[in-house]
Amino acid sequence: IENTVIYSGTNQTVVAPNTGLLAYHNLIINGTGAIFPSSLNITDNLTLNQSIDFTGKTIAMTGMEPQIISGAVAPAFNNLIINNTFGGVTLATNAAVNGTLTLTSGILDIGNYNLLLGANAVSGSFSASNMVVANGTGELRRSYTGTGSYTFPIGDMTDTVEYSPITVNITAGTFSNAYLGVAVVDAIHPNNSSASNNITRYWKVKESGITGAVATIAAN
């Protein structure tokens, strides 16, 4: 399927194609007020150059080739499904998933961009072939409104593709527009000068909007 659909008008409804195709290939939104159906499959790239109201919507990235989510604005998805084992999906913009990010199959590489998760966060069965790749300068972030624990299903593709999740349990603190951001680096920590007493990766954890944060952390 090699069609590219560009919506450039105002208040246009993005309808499911009626040509016998199951999904859009390239979908580019340039116009304001585009209205999406309740669910939509994208089999190649999704480019959003205008703000979209994704309330109640589910976008599924279901390609058979590497896919990219990009654009001039940072999308705030409701539900986002990653179902691509042919190179996965790469973020080329900051993004948020306010509902549920479902990793059905394949990786989501956030690269040097930040992905903010809502309360439902990530659903799926995680592994080196089914995870969020967070080994760039970007962070996988999760909103926090109070204490609690969450396991971030992250890994890296630096040399070998490896799944190395991290669990952060915030046990105390005052929260205001708070989030926690994590990433992983496939290297010995630069402050560790020992040639024998080391592990070959380290995790970065950053909090924002949490005063007096206390947490326990377990990384694998």
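Are R201 and D186 buried or exposed? In this predicted model, both R201 and D186 are buried. The two residues form a salt bridge, with their closest N and O atoms 3.6 Å apart. Both R201 and D186 lie in the loop between strand 20 and strand 21, so the pair ties together parts that are 15 residues apart in sequence.

**Salt bridges**

R201 has a further partner in D156, and the side chains of R201 and D156 meet at 2.7 Å, N to O. This pair links distant parts of the chain, since R201 sits in the loop between strand 20 and strand 21 while D156 belongs to strand 18, 45 residues apart. R201 counts as buried because its relative accessibility is 11%, under the 20% cut-off. D156 is likewise buried, at a relative accessible area of 0%. Through shared partners, salt bridges join D156, E162, D186 and R201 into one network.

E139 and K206 make another of the salt bridges, with 3.4 Å between the closest N and O atoms. E139 is in the loop between strand 15 (132-133) and strand 16 (140-144), and K206 is in strand 21 (residues 202-219), so this salt bridge ties together parts 67 residues apart in sequence. E139 is buried, at 12% relative accessibility, whereas K206 is partly exposed, with a relative accessible area of 39%. The count for the model comes to 5 salt bridges, including the three below.

| Salt bridge | N to O distance |
|---|---|
| R201 and D156 | 2.7 Å |
| E139 and K206 | 3.4 Å |
| R201 and D186 | 3.6 Å |

**Sheet**

Nine strands form an open sheet with mixed pairing, in the order 1-2-4-6-9-12-15-18-19. Its edges are strand 1 (4-7) and strand 19 (162-163), each of which pairs on one side only. Strand 18 (residues 154-156) runs antiparallel to strand 19, and 2 bridges join them. In one of these, G155 has Y163 of strand 19 as its bridge partner.

**Nonpolar core**

In soluble globular proteins, nonpolar side chains tend to be buried together. Here the largest nonpolar core has 49 residues, and those with the most contacts inside it are L27, F36, I59, L101, L115, F152 and I154. Strand 20 (residues 166-185) gives the most to this core, with 8 residues. Leaving aside residues up to four places away in sequence, L101 touches L80, I82, L108, L115, L117, A121, V122, S123 and V132.

Key:
Residues numbered from 1 in each chain as written. Predicted model: local features only at pLDDT ≥ 70, side-chain atom pairs only at ≥ 80, totals over all residues. Heavy atoms only, no water. Pairing = 2+ DSSP bridges. Helix = DSSP H or I, 4+ residues; strand = E, 2+ residues; numbered from the N terminus. Core = buried A, V, L, I, M, F, W, Y, C linked by side-chain atoms within 4.5 Å. Buried < 20%, exposed > 50% of the residue type's maximum accessible area, 1.4 Å probe, protein only. Contact = heavy atoms within 4.5 Å. Salt bridge = Lys/Arg side-chain N within 4 Å of Asp/Glu carboxyl O.
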